[in-house]
Amino acid sequence: MSQAGTSQLETIRQYRSTASFNPRSLWRFMVTDDVADYFEAIWELFRTDPVFQPPARELLREEMQELTLRRVKRLFELNLLPEEDIMENPMKANALNIAVGQYDFSLAAKYLLDVQMFAGVIQGSGSERHHHYIKKVKNMEVFGCFALTELSHGSNTKAMRTTATYDPSTQEFVIHTPDYEATKWWVGNMGHTATHCILFAQLYTADGVCHGLHNFIAPIRDPAGLQALPGVTVGDIGRKLGQNGLDNGFLAFNHYRIPRENLLNKTGDVKPDGQYVTPYKDPAKRFGAQLGALSGGRVGLTAVGTTNLQMVMAIAVRYSAVRRQFGPAEGQEIPVIEYQLQQWRLFPPLAACFVLHNFSTVLFRHFIRLRFSMMMGDKSEETSELGREIHALSSSSKPLASWTARDAIQECREACGGHGYLAVNRIGALRDDNDPNCTYEGDNNVLLQQTSNYLLGMYEEIKQGRTVSSPANTVDFLNRMAAITAQRFAPRSVQECRHGDVIVKAYEWLICFLLKESHAKMNGELRKGKSTFEARNDSQVYYCRSLAIAYIEYVAISWFYDMAFVDTETPAEHRPVLQMCSLLHGLWSMHKHLAIFYQGGYFVNGDAGKLVSDAIVQLCSEMKKEAVSLADVFAPPDHVLQSPIGHSSGQAYRELYQSVITAPGALTRPYWWEVFTANKPVPGSRSEWRDEMRARQEAREAAAESGVPGATASKL
């Protein structure tokens, strides 16, 4: 072992020895022992199964997609999550998504779009007549996808233009794409492999009445040979910025017929004679129920964004602990983790790993509670309210998790120096794989409006003298709005800032203030004569958008505060470090809203902002001794993390050197070596372009002297 390797090994051991907790014990507490065992079993499969071994060379896109499909087939063979296991512990469904994604998010997306999204929508939106499709999914007889987005419409789902017109004479729906802009687009699995899709289309009955967007099961390829069916045009949309192991595709129909029974009929059905029936009197509620699957997708993507954050923080913190640069004396270098600036860049998002993990876990539990209630036919007001609350939470938690990961990944890329830019260290892949989380299942900025609308509705209830509440208790504090808005920031020292309830109280004030301001802003726009649409649109920036972000930050912060400070089931040995994460993340999040705190009068002391800043820096300094072990908590094994500079041994340079030196082609001359050796260029031998440029210049000068620029311009 080299001197540098020995030094790095000793250095990371030293940083781990200063931690006040056992990272493995904390991890098992955060995920539970049962789920931890499940994670480890999946990770071991990735280590030992030949199909999951890394390829010997960089693959072409088509080869990546072939390998991904082979791995999907192996996941089917392994049957990692039988139905009885899901019923026994539903959290394993979330763990499966995370564990496979840690290894490869293309693989996770391809597998889960079929077994969870396609089959899940059939189970949730269909009836007994559709259950045979679920059996076909389980044995991979069919392979599914979710076709909602069109070329010219994404977030505005109501404006989708694919049509499904019922023909009572044949008891079929005629599916048609009216023009190329209505082509289904971006559909995962559709590029090359999907045989069936959940198709969203505008349902028309024979009398010409449009009953709005409904979903159908539409066969698109022959399962025997993957050839497109007659009347179907389907293909691949090409290379993406990331996740190129997943084949995203396009789809168009030309008066294509499917049986009446292929309509998923839980929210609406068409009888053989063509009569449309629905249990919903309000079309808006039917439409909301129709898109209920998207809330589940956003709940899942909250966990995906959190996972990306956890992996990149493991890479950057470990590397920062062993990378030495500069020092207090000549010839003496210190690890960059010792620098205040590096701590300030990395430790707040490191703390966010724990806050967002707890949030996504609790949110998933609420979602499971909702799904089970719906499966049992529970149509109570509480179930309906829980659905609304989860919709509001997931519409802002997906933005929070994906944006936090996005910003942290870029910060980590830069904090790791040049090696952070090397693809083998995986930071670039994490950035590219996380990027679509900001867009699919709803553009983040557009989704936030769903959350602010939910909160504004609550405010209207309060203004009318009614008490508001929600099943997850995320809005109950609004009943104390008058008392909350009268409060002011109390701490007068850094130490007084370091209390979790200080942060929770500040956020309650922030939300109440922004809620009143947003409501007043919208009413002001309405008084100007604007329509409701225009008023809402013109009240987003600095108002409704900020409100939605503050709300979801508050929920994440308050749930973690309860776990770290209040919950008696949290082990005593874990409390100090969890409380440190709670305080650092909470103050770091608060700091982003300093202007509003001063603007609204919550900060009456001019030093309040400085106290928050000083507390953040102080906590970062204290977190140094915990940082490497905190990064270890959620880090998967090295064969899953796949990052030489993030290797758990701390021997970043040894791992990176070996990775580069053993890569195919690293030590051989390229096949195009003769391009360099043959036909050396003769400088100036191809100067025709210069003669042309000189002629143009002379023409411009002549035009200027003649005073007739128009004539010269036409010649040029």
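## Surface and burial

The accessible surface of the protein comes to about 32700 Å². Carbon and sulfur atoms hold 54% of that area. The model is a predicted one. Of the 716 residues, 52% are buried, which here means under 20% relative accessible area.

## Overall build

The protein has 27 helices and 11 strands. Its C-alpha trace spans about 90 × 80 × 75 Å along the principal axes.

The radius of gyration is 29 Å. A compact globule of 716 residues would have a value near 27 Å, so the two agree. Contacts tell about the chain path too. Among those with a separation of 6 or more, 72% join residues 24 or more positions apart.

## The second largest pocket

The second largest pocket has a volume of about 1900 Å³. Its lining counts 48 residues. Nearest the centre of this pocket lie Pro 55, Glu 58, Ala 423, Val 424 and Gln 642.

By class, the lining has 20 nonpolar, 16 polar and 12 charged residues. Pro 55, Ala 423 and Val 424 count as nonpolar, Glu 58 as charged and Gln 642 as polar.

## Helices in the lining

Several helices supply at least two lining residues each: α3 (33–48), α4 (61–78), α7 (105–125), α13 (427–434), α23 (638–641) and α24 (652–661). The top contributor is α13, with 5 residues in the lining of the second largest pocket.

Methods. Residues numbered from 1 in each chain as written. Predicted model: local features only at pLDDT ≥ 70, side-chain atom pairs only at ≥ 80, totals over all residues. Heavy atoms only, no water. 1 Å grid on protein atoms, 1.4 Å probe; cavity = no way out; pocket = protein on both sides within 12 Å on 5 of 7 lines; lining within 4 Å. Points joined across faces, edges and corners; volume = space filled by probe spheres on them. Helix = DSSP H or I, 4+ residues; strand = E, 2+ residues; numbered from the N terminus. Rg over C-alpha atoms; globule rule 2.2 N^0.38 Å. Buried < 20%, exposed > 50% of the residue type's maximum accessible area, 1.4 Å probe, protein only. Contact = heavy atoms within 4.5 Å. Areas by Shrake-Rupley, 256 points an atom, 1.4 Å probe, with all protein chains shown as cover.
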